Structures are given as structure tokens and as C-alpha cells.
Amino acid sequence: MQNKGAIQTFAILLALACVFHLSFTFITQRTEAKAMEEAGGDVVKQRAILDSIGNDAALDLGLFSVSYNDAKRREMNLGLDLRGGINVTVEVSISDLLRKMANNPNDPAFEQAIAKAKETQKTSQEPFVDLFANAYQEANPGARLAAPGLFGHAGQKLINGNMSNEEVLALLRNEADMALSRTFEVLDARINNFGMTQASIQKVGTTGRIRVELPGVQNETHVRELIEKPAKLEFWETYEAAEVLNRFGQIDELLRRQEVAESAAKDVDTSQTANPESASAEENPAEAPEASLAANAPDLQNPELPEDTSSLNTEDTEFGGQEDLGPLFRHFVTNIVEIEGQAQYGFGPTLGYTRNGPRDTIVLNRLFARKDVKGLLPPDLKLAWGNKAIQDESNELIDGQFALIALRSNSRDGSPAMEGDVVVNARFQNDENSGGFEVVMEMNADGARDWAKLTEKNVNKSVAIVLDGRVYSYPNVNEKIAGGISSISGNFGLEEAKALASILKSGKLPARNEIVEMAIVGPSLGSKARAAGISSLAIAFLLVLLYMAFYYGKAGITADLALFTNLFFLLGALAGFGTTLTLPGITGIVLTIGMSVDANVLIYERIREELRAGKGVKMALADGYKRAYRAIIDSNITTALIALVLIVFGAGPVRGFAITLFLGILTSLFSAIFITRLLFEWQLNKNRSISFSSKATEKLFSRMSYDFVGKRKPFYIVSAALMIAGFVSFATKGFNLGVDLNGGRSYVVAFDNSDFSTSEVSTAVTEAFGGASTQVKYYGDQKTVLLVSKYKIDDQSEEVDNQVKSELFAALSGFYTNPPSEETFVTINENKPANSGIERVETVGPTMARDVAIKSIWAVVISLIIMFAYILLRFRGWQYGLGALAALVHDVVLVLAVFSIFDGILPFSLEIDQAIIAAVLTVIGYSINDTVIIFDRIREYVSEARKGTMGDMINNALNSTMGRTINTSMTVLFVLLVAFLFGGEGIRGLSFAVLIGVLVGTYSSIFIASPIVLDLQKKKAK
């Protein structure tokens, strides 16, 4: 074996990396379990415990130490379907942007064009700006977009009257893109400030949409406010740190005394509880300890504190460790610098930094919000946190350390010096003085006047730029700035300058954020899905282990060890790359387990052939690996290409499935090819016997000689009949499209009994929804249903959502034995009683659904084209490409036919959604995998110029690969059947689709693809 040492070294390093990344998940789970045990099962108390110990070392190995907070940020992410939470897709309202830029937005012609563009957008993929321009020019032939009546007015600096329509369109498109970028910056900042360790935000391709995922969050109102509220940009005057920090010692002493008093009160209460007899020994026992305690407690209204407490803020106070610090300084590090050997407060408005991490901001906010603490601070002081972690001297972010900034309000009502809506433009450019970048900000006339007054008042002081309560910058004012154009310099890097310019332009966001899709998954539903997914994974894994050991004997056990290694590497890769594990992702792992043995099966079947040819084990093993490499690489490349298509076109859980599948292919190849080879080398060096079959399987498929080619026409007829039946069903019955492809509202509702039918529920809800049709199906068990309706889907505002939920409650409350309150029914959170109402909500607007449907179609089409092109290039014959393409189309049609024909007949949902599209693409990958193996064997026989006709060589190839075909199909079918039966309702449709696809794909690779190649070659010969 070549490069054996390098492979061993790489395997060891990879294993260590996997242990490292998976250790964080282990640490968080262990810590959370201990906290839950200590809290007695109370989730709120558990969170309080975790907050208090978050920065303590959860694991300390000397050289390696990690806190719970650090581990939590780096643990394996779980998707919303596994832990609950809220997923939102946001669309920037470009119609608002155009109205803001227009000279007369109330003009009837302008309004008509906007209305027509909105209507056309429902069925078009063109940008809204182009749809508007087309609609306006159709209604007003020859009209110029730069005309004074439209966009070319005097106050509009971007557009002048001499511009052509194409130039105006280009500018409008650019403004639309900038609006999306500014919105992304604002939402990104809000999400980061939301306090979620695993929240994510990303742009959805080039759709002009933004996807936000908030795991573990159920407060819909809070999330809507987070997403939809307008950006609030402000300019604030600031305090110098020394003006405020001399009060912090007093605050810490006040809080320390209160803490002592509270601790003493608890001790007294505990002693009375533990010694009730002593309480009755005194005449008035209950009052005596309290009186004593009150006499010794500090006066909170008039605290007796030292006048000069600045010494409490110096570093000397903190040398004793956190146990010697008061409640304030345990979470806060004062901004102290050393000048000429003397410690003094730092310059500027920075008061200090969080001591332990971002969770300190929560504790400190509570402390500073107390009335007694506020009484010790200047009345016009406003404290605000920096928007991101502070930087060290090399400009690297210091993880979790945030700066506290002292702002000075402009009046008694606590308002800022200026609002940000006066900013009309901001841009970044090269800074000739520093060599970096600077930001140029422009204000309107009113803003320029106020800005001149503000800068004149604050020369040699800082003015803070604050967005949504977070400080983004606090540049020092060098001189009075007149004219409304300011230059903000600070040796910014490119990304910093771009971000600051974007933030300044966000002060008056011209476009609203519209929620076009929202999904809310309750924690109980997520925990059920997680338990079902893990169970199916464990059972599938065990079945594959047993099957391989049964069929291949000792070599099967070696493959089992490689399978363990593969699963370990895959989980480590998912954790290391920060991939979110979703329910379809677990299906991807299950599928990977089934498909990962394919490489081993290919190698083992080749080795068995070499052994039958009379070679020794060592030579057969070497030749078996060598002859199987090409087929293994070809088959896995095709599956990887399908996974990449899914990654590009998929979103959310589907994308998680694709990433899992792609990483699984890589880890499977390494484990099957190299780990098993290393194990075999070790066994040979130890003179261990190696068997590649058991007694029961030794001669299976070794003497097959079926005439597949000669009997191909009956199979053509069967396939054609099934496809025709499918097309008839497509035309007459159609498909049951899911909410994500068809739009609508979807609810999973749990009842406390099963004394109802889905038709009764459907009738009640349809009546409550004013006749709007509602589909109702059981979801997992007879107490839970899935309801889907398009009722009021065109309006996704919070008011309408709440109204629909209220009407749903009114319709369903009568089906409960003990009806919950309406609040309990509609609320989704971790305290919700079991079987008491809505457990999941999904709302998808028609525009979003149309885009998803179009992307799904393109994904399938592009996958077929890629597969055809790959086969054409690899096998250098269009006959192979067309044969493979025909088989793939056959497989796709039959899988979809099953979902169309049997919908409403089978006792589970056959709804087609994004997950089913992912399943169809997976089927394409599996089917082409099978086909490539057979084509590779045909190519081998042709290249060796074996005797016989082309038909003979195809028959020989099919017969000789039958062992591999059956074994791989069996393992994949095992795991898919397990996923279908035990994986839960969330993946039942996906696993059923792939299950049918594997059966159909195996059939087509044998009876369709290769025979078609023969027929096409005969036509070529004629």
C-alpha cells in the first residue's frame, strides 16, 4: 500500500480534530444535564444556573480549558425542527423604495404601474424594478424615467434629467441592491444583539430576500418587532469616562452591602426552617431576627457610602480575584490606562468592558436599570453597548468582550442630540492621510444646520453614532463642521468602512421589511423529532452492521469498523464546519450509512472475483482495490454533483440534508478505501485469516447468466405503462403540493383525545374560515393533525395571523375533552402543556412559494443535464448519456407518479414539498450511481476486447455486478425502511420517496439504462 504512513498520519489528525470539535457538544450537554438536575427539572432555574456558571471552566485539562459559554458557541448546531424555534424569510419592499425616490408618488400613473408590477411579480422572476419600468412604459409610451414628473426632480441628487431610461434603471437596480445590503446590516446587528448563540442570518441567493433562523425562540411578537421595526439611527453627545467612573465604586459598594443583607436574611430564614422548636421558645421570635437584620442593613434610600470611592475602580481592587469583587466589578472591567507609571481612567466615552463575555451585558443592564443605582449616576447619562466585540492591538476581535459607552442625552426626556433621518447619503473612500479608508456622510439642509451646532459644541469630544441602541462608532470632533458634509476617519479597513457607510445610510431605510415566510416549531415537537431521528439512526446503523457481518464474514466486520469510523468522522465534520443538523440531515446521515458500504461492497465483490480466479488473498486484495477504484470514484462523483445542486438550490433543512450528504460522501470514501485497507494490511501482517463471505453467501450471484438484453422488451412495456399511468394522474389528479410550494398557512395541532375524524375537523375549520378549503390529515398519531389552508394568505401581518389563530381555536376547542384557554392554544413555548393546541406554524406567501417551486423545477432539470454531460464525457459515447438520461427521467416520473396516484389512499401524507424535491434529486444520484457501476464494467469488457457481441458484454456486465447491486440496494433499503417506520412524521415523506426511488432506480439501472445503450448502438450501426 503506497503512502501508508501519510494516510495513517492524516487519519490520526482527522480523528483528533473530530474529538476536539465534538467535545464542545459533550461539554454543553453534560453541563446542562447537571444544571437541570440541580434545578429540579425547572427550565427557568436551569437557565439561571447556567448564566451564573457560564464563564467557569466546564472542562479544565491544564493546557486546554473551556467554559460552558465557549462550548455552547461551538457545539453542534441543531435545526429548528430538532429543537424548536422560529424561521423567518424577509423580503425588502422595493415598491417603498421607488415611492421614496419618486417626485410624486401619489401620481395615478405611478400608482397604477406599482400595482401592475406587484400583480406581475406573482408569476415572474424579473426584478421588481424592471417590472415597474415595463408597466409604466406600457401605460405611458415614450415616457422618460428621468422626467421631472417621475424621478428627475431637483432634490434628487442621484438622477438628473439627462439620463436615459437604461441609466435610470441601472441606478434604481443598484439602489434596490443597496437597500437589501443595508437591511441585512441592520438585521445582522439586531440578531447578534438578540443574545442567541446559534442564531443565523443569510441572504437567499439573488432573490432579494433574507433568511433568519432563531433556534429555541418561540416569542413571535418579539421576533416580528425584531424584523419589522424601522431602523433607528441617532447621534449622541458623550461623557468622558472619568466623569462617570468615579461613581462606579459607590454602586459596587451599594450592591455589595445589599448582597450581604440578602445573604444574612436567607441564613436566618434557613435556620428558622431547620429549627422550628426554637422559634416557639421566644415570646415574639419571628420579629427579633428581622429587627436585628434591619438594624444592621444599609439604608438603601440614603446609603452611607464613602465620598471618594474611585480607588474601588483601580486594578488593585481586582487583584484578589472575582471572589473579592462586588456585584458590579464581577462582571465589569474598568477602562484604566497607565500613563508615566500612574493608573488613571482612559480617555473618551468608553467606561470599560464586560469581564466574562456577552452574558455579562444582561446582568449589567439589570443592575444599571435599578432605581437605587440610577440615583448614583448623572440624570442625563445613557449607557449603551458597542455593537461588536472589542479589538486587540492587532485588530483581532476579543471574543465576548463588549465596551460600555457613556452617552449624554440632550434633554430631560432622554432624547439624542440628532436623529439619523437627516442623513441623505454616505460612502466610503480612500483616506490619503492614513492609507486606509474613510467614510463621507452627507446631510440635508436641516441636518447640516443642527450638525454644525452639535460639532461646534463638542470640539475635542466624541459624538456617538448609535443604531438601534448600539454604538457603532464614536469619532472625535476636530472642528466645527458646516455644510452638512463630514469625513469620518479612523484608519478603517475596507469592510469596516463599508459597514459604517451602510449603517449611516440605514438611518432612513426607504423600504419596509415584509415577512413572506414564517415557521414556528414548538420545543416539544422538536424533542419528539429529535428522539425519533436518533432512534432511526441507531436501528439503521445496527442493521447494516449485522448485514455486512452476515454477508461478508470477517471482511464484513472490517467494513463495520470502517462504518463506525465514517460516522465518527461525519459527525466531527458537521460540528467542525458549523453545519446545522436538521431532521432531513439525520435522514442524510441514515442514507450515508446505507450508501457508505457501497464502496466496500464494490471492493469486496472484486476481491471475490479475484479469489475465484485462483489468486491468493494478498494479491486478490491488492487487485480488487485497484480494479474497483475507477467505479468507486465515478459513482461517488455523480452523487456529489447532485448534493452540490441541492446545496445551491436548497434552503433551510433541505440544504442541511445536502451538506450532510456531501460530507458523508467524502468521509465514506476515506473510510471505505483507506481505513479498511489499513485494517486489512494489519491483519495480513499479523497472519490473520480473512474471509470475504460466510458459508451461506459464498456462492451467491457467482454463476448468474440471465439474459437481460434478450428479455428487455417486456420491461420496456411495463415501464411505459407505469409512466403513462403517472402522466394521466398528473393531468387529472395533480399533486398535493406543500405550503412551501403552493403557499398557505399550515398548523400542527395536538388534542387531548382521539375521538374525532379528520373530516369533522376539516368541516369545522372550513366553516370558521368562511368557506376557505382546509386540508386535514393525521400527523404522527391519532391525537395530532396537520391543517393546511390558504385562508387570508395574502396578508401575513401579525394582526391577521392572530385573528386566524383565534378563529382556529374557536373551531377546534369543541374537540377537546378539557379545552385549553385560547392563550394556551395559540402560544408555542417550552411551558406549553402537552396536547393543548398549536405545536407548529408555517406561513408562506404566494410569491415565495412560486419562487421555491420554480427553483425546485430548475434543480431537477439541471441535475439531469449535469448527469447526462458527465456520463457523456466519462464514457465517450452519446449512447451511454442518453441511456442514463432515459433511466433517470423514468425514475423521476415513477416516484412522482406514486405521490400523485396514492395521495389520499395511503395512511400517511404524500404531500410534495422541498424535502420531496430533495428526495427526487437523491434518487437521481443513487440511480446514476447504480448505472455508472454497470457502465464501467461494460467499458472494461469492451476495452479488453472480450469475445461476443455487445449484447453479450452487457449481459455479462449486469450479471457480474449483480452481487454489488443487490447488496448495496439491500443496505440502503434497510436504513430507509427504518427511517420510514421509526424516523417520525417529519421525515416520513422524504424517506418514503427515496425508498421508492431506490427500488425504481435499481430496476431502471438493470432493465432500462443498459438495454437502451444497446438499442442506440444498433441504430448507429445501421
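1. Asn-835 is located in the loop that joins helix H27 (822-826) to strand S23 (837-844). In this predicted model, Asn-835 adopts a positive phi of about 55 degrees, although it is not a glycine. Its relative accessibility is 26%. Because that value falls between the 20% and 50% limits, Asn-835 counts as partly exposed.

2. A second asparagine deserves mention alongside Asn-835. Asn-460 belongs to the loop between helix H17 (445-457) and strand S16 (463-467). The phi of Asn-460 is near 65 degrees, again a positive value in a residue other than glycine. Is Asn-460 buried or exposed? With a relative accessible area of 57%, Asn-460 is exposed, since the threshold for that class is over 50%.

3. The packing of helix H28 (residues 846-875) against helix H30 (residues 914-943) may be described next. Their axes come within 11 Å and cross at roughly 5 degrees. Angles under 35 degrees count as roughly parallel, and H28 and H30 are therefore roughly parallel to each other.

4. Which residues form the contact of H28 with H30? On the H28 side, the participants include Val-852, Ala-859, Val-860, Leu-864, Met-867, Ile-871 and Phe-875, together with Ser-856, Ser-863 and Arg-874. On the H30 side, they include Ile-917, Val-920, Leu-921, Ile-924, Ile-928, Val-932 and Phe-935, together with Gln-914, Asp-936 and Arg-939. By residue class, the contact of H28 with H30 divides into 14 nonpolar, 3 polar and 3 charged residues.

5. Helix H15 (residues 359-369) shows a sided pattern of burial. Asp-360, Thr-361, Leu-364, Leu-367 and Phe-368 of H15 are buried. These residues cover an arc of only 125 degrees around the axis, and so they lie on the same side of H15. The buried set includes Asp-360 and Thr-361 as well as Leu-364, Leu-367 and Phe-368.

6. Some totals for the protein chain place these local features in context. The chain has 33 helices and 23 strands. Of its 1022 residues, 52% are buried. Among contacts with a separation of 6 or more, 73% are accounted for by residues 24 or more positions apart.

7. As to the surface, how much area does the protein chain expose, and what share do carbon and sulfur atoms supply? The exposed area is about 46200 Å², of which carbon and sulfur atoms supply 55%.

Terms used
Residues numbered from 1 in each chain as written. Predicted model: local features only at pLDDT ≥ 70, side-chain atom pairs only at ≥ 80, totals over all residues. Heavy atoms only, no water. Helix = DSSP H or I, 4+ residues; strand = E, 2+ residues; numbered from the N terminus. Buried < 20%, exposed > 50% of the residue type's maximum accessible area, 1.4 Å probe, protein only. Contact = heavy atoms within 4.5 Å. Areas by Shrake-Rupley, 256 points an atom, 1.4 Å probe, with all protein chains shown as cover. Axes fitted to C-alpha atoms, helices over the stretch in contact; angles between N-to-C directions. Parallel < 35°, antiparallel > 145°, perpendicular 65-115°, else oblique. Nonpolar A, V, L, I, M, F, W, Y, C, P; charged D, E, K, R; others polar. Arc of directions from axis to C-beta.
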